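Here is a quick tour of a protein model for the bench. Have the sequence and the 3D view open while you read.

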Amino acid sequence: MVRRNPERRAALLDAAIEVLAREGARGLTFRALDVQAGVPVGTASNYFANRDAMLTQAGERVYERLEPDEAVIAAGLAGPRDRARVTELMHDLVERVAAFPTGFLALLELRLEATRRPELREVLTRRIRSDVDQNIGYHLNSGLPGDATMVVLLYLALNWLILESLTLPDLFSADQRQDLVTALVERLLAGQPDAGEAATDG
């Protein structure tokens, strides 16, 4: 019988993320998970029916931990709705992901593994599509400048910038990465009015 202790399951999934980031998907075994979590041998197999379940739930756990809390979301709607605010939010996003490097690296491992596991690919596709759609909805409802396409372009560009910073940290300096995020927002929003400008120009 599979146990349902949510705190123990979360701790095991956090341990799975660490193993994925350090050893890759092939290194994530039940025994490796037990060792990483510091639990008796056989514990992980009581929580996950098989290795596929362990991989897919680890992916879900990464997104749970990256999800901003309500205070962060509310803060994102504070202040003026202009390009400077979009830039600030993008810097905050990069910093939040960079503060959880093992999570991002674990997701990279899961994406590679998903090319060989259709069920995992389906789970990741559904979860990431939902994340993108939520980001689009949040941005459009916030009144910040920019459209849905801009949100997707930011998602694609920032993901690769984060990838570079985690896998090839000497390629760009911290200052260069900061400048690149700012330039990205400025160029994507070039020519678009800040909130309120369109209404007052006429």
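Let's start with what a pocket is: on a 1 Å grid over the protein atoms alone, it is an open set of points where a 1.4 Å probe fits, with protein on both sides within 12 Å along at least five of seven lines. Grid points are joined across faces, edges and corners, and the volume is the space filled by probe spheres set on the points. By that recipe, the largest pocket here holds about 1,100 Å³ of space. Its lining takes in 38 residues (those with an atom within 4 Å of a point). Nearest the centre of the largest pocket you'll find Leu 93, Arg 96, Asp 131, Asn 135 and Tyr 155. H9 contributes the most to this lining, with 11 residues.

These elements each give two or more residues to the lining of the largest pocket:

| Element | Residues |
|---|---|
| H4 | 51-66 |
| H5 | 70-76 |
| H6 | 83-98 |
| H7 | 101-114 |
| H8 | 118-142 |
| H9 | 148-167 |

A word on ground rules: this is a predicted model, where local features need pLDDT of at least 70 and side-chain atom pairs count only at pLDDT 80 or more, while totals for chains, interfaces and linings use all residues. Residues are numbered from 1 along each chain as its sequence is written, and side-chain values use heavy atoms, with hydrogens and water left out.

Now the overall build. The protein has 11 helices and zero strands; helices are DSSP runs of H or I with at least four residues, strands are E runs of at least two, and numbering goes from the N terminus. The C-alpha trace spans about 70 × 35 × 30 Å along its principal axes. Of the 202 residues, 37% are buried, meaning under 20% relative accessible area with a 1.4 Å probe and protein chains only (exposed is over 50%, partly exposed in between).

Helix H2 covers residues 30-37, and its Ala 32, Leu 33 and Asp 34 are buried. Helices H1 (6-23), H3 (43-47) and H4 (51-66) are among the cover over the buried residues of H2. Just after H2, Gly 38 takes a positive phi of about 70°.

What about Gly 143: where does it sit? Gly 143 is in the loop between H8 and H9. Gly 143 counts as partly exposed because its relative accessibility is 36%. Its C-alpha lies 24 Å from that of Asn 159, 16 residues apart along the chain.

Note on methods
Contact means heavy atoms within 4.5 Å.
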